[in-house]
Amino acid sequence: MEKSHYKEWLVDFKGKTIKVTNWWNWNMEGSADLFIDDEHVDQNTDMIADPNLPLLTKNEFSEDIKSIEVFVSGVSKIKISIMVNGKNVFQDKLSIIDRLINKVFRKK
């Protein structure tokens, strides 16, 4: 199956490579995937994500990585934020429109 609208993000954290991938198509198929050093650790196939809740997570991966949370946002383009051990290690810049749309979702 061709993965249309494919995008990936790579982040180095203490010698570990964190990779997040996302793809979708007009048939409302797709997935977001989380890899650590090429080990597939989480997947989500929801087509709509609440930007206030993590779409992908992994807990207790290693001594250095107690938790990873990936948040997804974006109106015209998928944008992510990666939190490791509760600290932001990567964040795409959100546009004004992205920030306004995020306000539609209530914070939990």
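## Reading two sheets and a core

Author: Let's open with Ser81, which counts as buried at 12% relative accessibility. Keep in mind that this is a predicted model.

Reader: Where is the place of Ser81, and what is Ser81 in contact with once neighbours within four places in sequence are left aside?

Author: Ser81 belongs to strand β7. Leaving aside neighbours within four places in sequence, Ser81 contacts Glu69, Val70, Phe71, Asn88, Phe90 and Gln91.

Reader: OK, so let's take the sheet around β7. How do I read a sheet in general?

Author: Strands of a sheet pair through backbone hydrogen bonds, and the pairing is either parallel or antiparallel. Here, four strands make an open sheet in the order β5-β6-β7-β8, and the pairing is antiparallel. β5 (56-59) and β8 (87-91) are at the edges with a single partner strand each, so each has one side without a neighbour in the sheet. From one strand to the next, the twist averages 15 degrees.

Reader: Over how many bridges do β6 and β7 pair, and how many do β7 and β8 have?

Author: Strand β6 (residues 67-73) and strand β7 (residues 79-84) pair over six bridges, in the antiparallel sense. For a landmark, look at Ile68, whose bridge partner in β7 is Val84. On the other pairing, β7 and β8 run antiparallel over four bridges, and Ile82 stands opposite Phe90 in β8.

Reader: What links β7 and β8?

Author: A hairpin: two residues lie between β7 and β8, and Asn85 in the turn has a positive phi of about 55 degrees.

Reader: Where else should I look for positive phi?

Author: Try His5 and Met28. His5 is not a glycine, yet has a positive phi of about 55 degrees. His5 sits in the segment before β1 (7-13) and counts as partly exposed, at 40% relative accessibility. Met28 isn't a glycine either, and has a positive phi of about 65 degrees. You'll find Met28 in the loop between β2 (16-24) and β3 (30-36). With 56% relative accessibility, Met28 counts as exposed.

Reader: That brings us to the other sheet. In what order do the strands β1, β2, β3 and β4 come?

Author: The order is β1-β2-β3-β4, in an open sheet of four strands with antiparallel pairing. β1 and β4 are the edge strands, each pairing on one side only. The twist averages 15 degrees from one strand to the next. Zooming in, β3 and β4 pair over five bridges in the antiparallel sense, with Ile36 opposite Glu39 in β4.

Reader: Give me a residue on β4. Is Val41 buried or exposed?

Author: Val41 lies in strand β4 (residues 39-44) and is buried, with a relative accessible area of 17%. Neighbours within four places in sequence aside, Val41 is in contact with Leu34, Phe35, Ile36, Thr57, Lys58 and Phe61. For a distance in space, take Val41 and Asn59: 18 residues apart in sequence, they are 9.6 Å apart, C-alpha to C-alpha.

Reader: Now the core. What's the general idea?

Author: In soluble globular proteins, nonpolar side chains tend to be buried together. In this model the largest nonpolar core has 18 residues, and Ile18, Val20, Leu34, Ile68, Val70 and Ile82 touch the most other members. β1, β2, β3, β6 and β7 are the elements that give two or more residues to this core.

Reader: What does Ile82 touch, not counting residues up to four places away in sequence?

Author: Among the residues Ile82 touches, on that count, are Val11, Ile18, Val20, Ile68 and Val70. Glu69, Lys87, Asn88, Val89 and Phe90 are touched by Ile82 too.

Reader: And the aromatic rings? How many aromatic pairs are there?

Author: For an aromatic pair, ring centres have to lie within 6.5 Å. The count comes to one aromatic pair. Trp24 and Trp26 form the pair, edge-to-face, at 4.8 Å centre to centre with 85 degrees between the planes. Trp24 is partly exposed, at a relative accessible area of 24%, whereas Trp26 is exposed at 71%.

Reader: Last one: which charged end sits over the ring of Phe35?

Author: The charged end of Lys19 does, 4.9 Å from the centre of the Phe35 ring.

Definitions and conventions:
Residues are numbered from 1 along each chain as its sequence is written. This is a predicted model: local features need pLDDT of at least 70, side-chain atom pairs count only at pLDDT 80 or more; totals for chains, interfaces and linings use all residues. Side-chain values use heavy atoms; hydrogens and water are left out. Two strands pair if DSSP finds at least two bridges between them. Axes are lines fitted to C-alpha atoms, for helices over the stretch in contact, and angles run from 0 to 180 degrees between N-to-C directions. Rings of Phe, Tyr and Trp (its six-membered ring) pair if their centres lie within 6.5 Å; planes under 30 degrees apart count as stacked, over 60 as edge-to-face and the rest as tilted. Buried means under 20% relative accessible area, exposed over 50%, partly exposed in between (1.4 Å probe, protein chains only). A charge sits over a ring if NZ of Lys or CZ of Arg is within 6 Å of the ring centre and within 35 degrees of the ring normal. A nonpolar core is a set of buried Ala, Val, Leu, Ile, Met, Phe, Trp, Tyr and Cys residues joined through side-chain atoms within 4.5 Å. Contact means heavy atoms within 4.5 Å.
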